[in-house]
Every structure is written in C-alpha cells, then in structure tokens.
Amino acid sequence: MDQDNLQRAVNHTNKIAFPIPIKVVVIDLDGTLLDTAADLAHAANKMLLELGKPELPLATIQSFIGKGIQKLVKRSLTNSLDTEPDAELFTKALPIYERNYREHLYTYTRPYPGVVEGLNALKQNGFQLACITNKAEAFTLPLLRATNLLAYFELVLSGDSLPKKKPDPLPLLHACKYFRIAPHELLLIGDSLNDAIAARAAGCNIFCVPYGYNEGRDVRELDCDAIVPTLFEASKLIKKVI
C-alpha cells in the first residue's frame with residue numbers, strides 16, 4: 001500500500017503504528033462481509049404489506065439495520081429508529097418478517113467487493129478468522145454457506161449464540177477465550193457503532209469499512225483505529241504474530 005492510500009485508510013488519529021500485531025481477525029456480517037440490505041428490505045416490505053401498512057424505501061430500511069432483526073422489525077413498523085410499536089402488533093409482525101426473510105434470504109445478497117480477496121489474503125498470512133454478528137443463527141449459517149464464506153471461519157457467533165450480543169463486549173471476549181489470546185491481539189472489522197463500542201469495551205482493535213449501514217450515520221464519526229475501503233486493504237495494515 002503506497003503512502004497516500006495508507007493515509008486514506010488510517011483514521012484521523014495517528015496514535016497507532018501500522019502494521020498492528022494481530023493473531024485473530026473477527027469480521028461482522030451485515031454491512032461488512034455481505035450486502036444484505038436488499039433482502040432485508042424486501043422481507044420488511046412484504047411484512048408491511050401483509051399487515052396493511054405502506055412500504056418503505058430501501059434507503060430508509062437500510063438505516064434501520066444494525067441491531068438485529070427484532071429491532072429492524074420494530075423500526076419498520078414505526079418508521080422510526082427509537083419508537084416502540086404496539087406490543088401486540090410486534091408479536092404478530094415478527095414471525096411474518098422471519099418467514100419472508102427465510103424465503104428470500106439470499107436472492108440479492110452478495111459479498112462486498114474485496115471481501116473474498118481479503119479473506120484469502122488474511123488466511124494466506126496465517127490469521128485465524130471468526131465471524132461475529134447480531135443476526136440470528138438460523139439466518140447466519142445459511143447465508144455464509146450460500147455465499148461460500150463459511151469455510152473461512154473457525155468460529156461463528158450469532159446474535160443468539162450467547163446471553164449478550166454487540167455492543168456488549170461478551171462475544172469478543174468469548175472469541176478471545178476460544179482462541180486463547182489477549183484482547184489486544186484481536187482485530188474486529190465492522191461497519192457500525194455496535195462494533196466500535198463492543199471493541200473498545202473488550203479492549204480489542206477495531207477497523208471500520210465505509211460502505212456498510214451504521215444506522216445511516218457517517219462511519220468517520222466512529223471511534224476506530226482505521227477506516228479501510230475493503231477487507232483486502234485491511235489485510236495490509238496488520239501483521240501476524242506468533
């Protein structure tokens with residue numbers, strides 16, 4: 001990576017010397033590995049139509065992604081990030097959403113540019129890989145299989161794998177115990193505030209990609225060690241340590 005590209009990749013802070021010594025790389029799913037927004041939005045709009053409600057634009061639903069399917073359903077029902085829907089309506093809506101999403105799980109979903117190249121580079125450089133997402137396991141594993149990414153990961157943690165999910169640090173700390181490493185030896189690559197908060201709370205390094213969802217916010221507002229255009233570029237900012 002030339003100096004100009006490196007400068008663009010590194011965040012506004014220069015407290016860290018690159019390449020960072022790392023043993024394990026953890027990668028988020030929605031908005032980092034896979035562009036799932038179109039299928040998530042399709043399921044949400046099918047749900048809204050079944051409930052007699054108007055459809056929402058893709059960009060609106062995309063801004064609702066990031067805290068799991070239950071939160072996505074609530075936000076779609078209220079067309080708001082924070083408003084709680086009627087409890088009875090939500091109870092009715094959730095299984096409708098899950099059915100529609102299951103039926104169209106990977107109609108449009110694809111890996112982002114640079115993901116496969118990045119995963120291959122990370123593997124070739126000797127890094128152990130994990131995927132940690134807030135998506136339920138019933139959707140996570142089929143998606144990783146369908147997109148031929150599952151084999152890259154030694155550990156996959158979904159939103160219902162542990163008692164708590166991101167932004168709680170528990171999934172990252174669990175990964176540290178699983179791989180028998182210290183938190184500072186782990187790098188999380190994500191796209192959202194959830195990822196940044198979880199990494200900082202766990203004491204892990206954090207890179208963010210600019211193409212994800214982040215609930216409609218600018219990724220440059222996040223507390224991360226670098227903003228990387230692709231996973232492949234991220235692989236150039238770390239070095240494997242024994």
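## Exercises on a predicted model

Tyr97, Tyr101 and Phe139 together make up one aromatic cluster. The model used in these exercises is predicted.

**Exercise 1. Find the order of the strands in the open sheet of six strands, and state which strands stand at its edges.**

Step 1. The order is β6-β5-β2-β7-β8-β9, and the pairing is parallel.

Step 2. β6 (155-157) and β9 (226-227) each have a single partner strand, so one side of each lacks a neighbour in the sheet. These two strands are therefore the edges.

Step 3. Inside the sheet, β2 (residues 24-27) pairs with β5 (residues 128-132) in the parallel sense, over four bridges. Valine 24 stands opposite glutamine 128 of β5.

Step 4. β7 and β8 also run parallel, and four bridges join them.

Step 5. A helix can now be added: α8 (residues 170-179) lies across β2, β5, β6 and β7 (186-190). Helix α8 runs at about 155° to β5.

**Exercise 2. Decide whether the faces of β8 are covered or open, then describe the surroundings of phenylalanine 207.**

Step 1. In a regular strand, side chains alternate between the two faces of the sheet.

Step 2. On one side of β8 are Asn205 and Phe207, and on the other are Ile206 and Cys208. All of them are buried, and both faces of β8 are covered.

Step 3. Phenylalanine 207 has a relative accessible area of 0%, so it counts as buried, the limit being under 20%.

Step 4. The bridge partner of isoleucine 189 in β8 is phenylalanine 207.

Step 5. Leaving out residues up to four places away in sequence, phenylalanine 207 touches residues including Phe18, Ile20, Leu187, Ile189, Ala226, Val228 and Ile238.

Step 6. For a distance across the model, take asparagine 134: its C-alpha is 18 Å from that of phenylalanine 207, and the two are 73 residues apart in sequence.

**Exercise 3. Find which residue forms a salt bridge with lysine 166, and state what is known of aspartate 191.**

Step 1. Lysine 166 forms a salt bridge with aspartate 28, with the closest N and O atoms 2.9 Å apart.

Step 2. Lysine 166 lies in the loop between β6 and α8, and aspartate 28 in the loop between β2 and β3 (34-35), so the pair ties together parts that are 138 residues apart in sequence.

Step 3. Both lysine 166 and aspartate 28 are buried.

Step 4. Aspartate 191 is in the loop between β7 and α9 (193-202). Aspartate 191 is buried too, yet has no salt bridge.

Step 5. The nearest side chain of opposite charge to aspartate 191 is lysine 166, 6.5 Å away. A salt bridge needs N and O within 4 Å, so this distance does not qualify.

Step 6. Neighbours within four places in sequence aside, the contacts of aspartate 191 include Asp28, Asp30, Gly31, Thr32, Tyr213 and Asn214.

**Exercise 4. Classify the ring pair of tyrosine 112 and tyrosine 211, and say which parts of the chain the pair ties together.**

Step 1. The structure holds five aromatic pairs.

Step 2. The ring centres of tyrosine 112 and tyrosine 211 are 4.2 Å apart and the planes are at 35°, so the pair is tilted.

Step 3. Tyrosine 112 is in the loop between β4 (110-111) and α6 (115-124), and tyrosine 211 is in the loop between β8 (205-208) and β9, so the pair ties together parts 99 residues apart in sequence.

Step 4. Tyrosine 112 is buried, with a relative accessible area of 10%, while tyrosine 211, at 21%, is partly exposed.

**Exercise 5. Describe the salt bridges of arginine 217 with glutamate 215 and of arginine 220 with aspartate 218, and classify the residues by accessibility.**

Step 1. The whole structure has 14 salt bridges.

Step 2. Arginine 217 and glutamate 215 form a salt bridge whose closest N and O atoms are 3.9 Å apart. Arginine 217 is partly exposed, at 40% relative accessibility, whereas glutamate 215 is buried, at 8%.

Step 3. Arginine 220 and aspartate 218 meet in a salt bridge at 2.8 Å, N to O. Arginine 220 is exposed, at 59% relative accessibility, and aspartate 218 is partly exposed, at 31%.

Step 4. Arg217 and Glu215 also belong to a network of salt bridges that links them with Lys67 and Arg75.

Methods. Residues are numbered from 1 along each chain as its sequence is written. This is a predicted model: local features need pLDDT of at least 70, side-chain atom pairs count only at pLDDT 80 or more; totals for chains, interfaces and linings use all residues. Side-chain values use heavy atoms; hydrogens and water are left out. Two strands pair if DSSP finds at least two bridges between them. Contact means heavy atoms within 4.5 Å. Axes are lines fitted to C-alpha atoms, for helices over the stretch in contact, and angles run from 0 to 180 degrees between N-to-C directions. Buried means under 20% relative accessible area, exposed over 50%, partly exposed in between (1.4 Å probe, protein chains only). Lys and Arg count as positive and Asp and Glu as negative; His and the chain ends are not counted. Rings of Phe, Tyr and Trp (its six-membered ring) pair if their centres lie within 6.5 Å; planes under 30 degrees apart count as stacked, over 60 as edge-to-face and the rest as tilted.
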